Amino acid sequence: TECSPPTADANVSQYACLRRTTTENHNKIFTDVLEELAENSEFNESKGPCLAFRRAASVLKSLPSAVHCLGAIQGLPCLGEHTKAVMEEILIFGRSFKVEEVQSDERYQALKLFTSVFGVGPKTAEKWYRRGLRSLKEILAEPNIQLNRMQRAGFLYYRDISKAVSKTEAKALRSIIEETAHWIAPDSILALTGGFRRGKEYGHDVDFLLTMPEMGKEEGLLLRVIDRLRDQGILLYCEHQGSTVDMSKLPSRRFEAMDHFEKCFLILRLEEGQMERDEGLQKDPGESRGWRAVRVDLVAPPVDRYAFALLGWTGSRQFERDLRRFARKERGMCLDNHALYDKTKKLFLPATSEEDIFAHLGLEYVEPWQRNA
Ligand code: ATP
Ligand code: MN
Ligand code: MN
């Protein structure tokens with residue numbers, strides 16, 4: 001047939017850190033479905049299939065063009081039988097019956113809805129489902145359910161924080177937090193991380209690193225920034241976690257787990273006036289209340305951990321997973337958000353930039369905008 005295999009000779013790696021993945025995804029019709037199947041596997045606690053679907057989606061995201069036939073994916077890594085069957089359905093029928101079955105499943109629908117609330121994980125969602133609850137209204141009306149502070153904020157601001165954050169909004173938040181941090185410590189450094197650093201147009205939150213050029217000077221800074229945001233009347237919610245960094249216990253075995261840096265998970269009030277000036281937009285005053293709530297993550301590593309924290313918080317999650325897997329399997333090294341440890345030489349490898357870390361791993365540098373794996 002005219003089905004040419006444009007990708008088979010591309011020598012695509014099984015590791016996302018050996019691929020370049022921009023925000024331009026030519027295979028969204030497949031990856032959206034595969035990611036939904038991955039999420040369903042996660043709800044069913046099927047770790048293997050979940051990872052397999054996520055890896056398959058990630059490989060397809062890195063391809064330079066759309067896949068039009070099964071022949072084109074021959075020789076690509078991480079595409080198993082289930083994935084190929086799903087892709088075949090989409091190629092032939094333009095839809096996947098497998099994913100439609102999942103989407104119409106009552107349990108999947110409920111767990112997806114419940115976990116969309118800030119502060120609600122799969123465990124809590126499952127508990128509510130087993131109690132017979134199916135909608136957010138039913139949860140709020142159920143007198144025996146004890147919501148924690150984070151979940152209460154999640155419900156209170158549900159409408160706003162389930163709405164995507166734009167790049168313009170992220171920039172406006174950056175200015176506000178930077179100004180606040182500089183007012184407290186003029187030489188403090190604020191860096192955008194997460195999806196917006198990778199060049200995404202929209203995100204579910206905005207992620208920042210905050211540090212000081214001199215070691216130890218970052219202590220107390222984050223709490224003062226939080227106080228100042230509160231004084232300005234823009235702090236709607238704050239969950240602060242103190243630092244629990246213990247270099248003697250590093251690097252931790254449980255990758256993917258939370259790191260030990262001082263951090264806070266915030267909900268901030270963003271005035272729309274600022275954006276209207278920025279974009280020259282005309283707003284119907286009757287249409288909006290003039291502000292929205294936005295989720296913000298603020299992490300405060302000490303400056304000697306900064307490069308590791310920046311690499312770890314830039315993502316994507318799949319890129320991070322594969323960096324760690326590559327380090328472990330191919331280099332006998334252990335990487336996390338705090339450090340890189342060489343298990344053969346039994347020593348920590350120092351780094352002051354992301355480039356240093358890639359070099360230690362014997363990897364070509366991958367730009368943040370190429371890490372959308
Ligand atoms: P989105 O646009 O949905 O926010 P994102 O890539 O920015 O996409 P986040 O969930 O904000 O996703 O996470 C950004 C990165 O920070 C991820 O790659 C993840 O590895 C890391 N990260 C997120 N939460 C934590 C945490 N609690 N502890 C350690 N690392 C985290
Ligand atoms: Mn983010
Ligand atoms: Mn985040």
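Are D205 and D207 buried or exposed? In this predicted model, D205 is buried, and D207 is buried as well. Both residues take part in metal binding, and the manganese sites are described before the arrangement of the domains.

The manganese ion (ligand 2) is held by two protein residues, D205 and D207, each contributing an OD atom, at 2.0 to 2.1 Å. For the manganese ion (ligand 3), the protein donors are the OD atoms of D205, D207 and D297, at 2.1 to 2.2 Å. Along the sequence, the donor residues of the manganese ion (ligand 3) follow the spacing D-x1-D-x89-D. The two ions, ligand 2 and ligand 3, are separated by 3.6 Å, and D205 forms a bridge between them. The residue that coordinates both ions, D205, is thus also one of the residues found to be buried.

The domain assignment divides the chain into four parts: domain 1 covers 8–102, domain 2 covers 105–156, domain 3 covers 165–304 and domain 4 covers 312–370. Between the C-alpha centres of domain 1 and domain 4 the distance is 25 Å. These two domains are in contact, with 14 residues of domain 1 meeting 15 residues of domain 4. The area buried between domain 1 and domain 4 amounts to about 1300 Å², of which 53% lies on carbon and sulfur atoms. On the side of domain 1, the greatest losses of area to domain 4 fall on Y15, C17 and R20, which together supply 50% of what that side buries.

Polar and charged interactions also occur across this interface. Seven residue pairs are in polar contact between domain 1 and domain 4, with both residues of each pair at pLDDT 80 or more. In terms of residue class, the side of domain 1 that touches domain 4 comprises five nonpolar, five polar and four charged residues. One salt bridge is counted between domain 1 and domain 4. A salt bridge joins the side chains of R20 and E364, with an N to O distance of 3.2 Å. R20 is also among the residues of domain 1 that lose the most area to domain 4.

Methods:
Residues are numbered from 1 along each chain as its sequence is written. Chains are lettered from A and ligands numbered from 1 in the order in which they are written. This is a predicted model: local features need pLDDT of at least 70, side-chain atom pairs count only at pLDDT 80 or more; totals for chains, interfaces and linings use all residues. Side-chain values use heavy atoms; hydrogens and water are left out. Donors are N, O and S atoms within 2.8 Å of the metal (3.2 Å for Na, K and Ca); water is not among the atoms, so sites may look incomplete. Buried means under 20% relative accessible area, exposed over 50%, partly exposed in between (1.4 Å probe, protein chains only). Domain bounds come from an automatic or database domain assignment. Contact means heavy atoms within 4.5 Å. Buried area is the accessible area (1.4 Å probe) that two parts lose on being put together, summed over both. A salt bridge is a side-chain nitrogen of Lys or Arg within 4 Å of a carboxyl oxygen of Asp or Glu. A polar contact is a pair of N or O atoms within 3.5 Å; within protein, one must be able to donate a hydrogen and the other to accept it, and residues adjacent in sequence count only if both atoms are side-chain atoms. Ala, Val, Leu, Ile, Met, Phe, Trp, Tyr, Cys and Pro count as nonpolar, Asp, Glu, Lys and Arg as charged, and the others, Gly among them, as polar.
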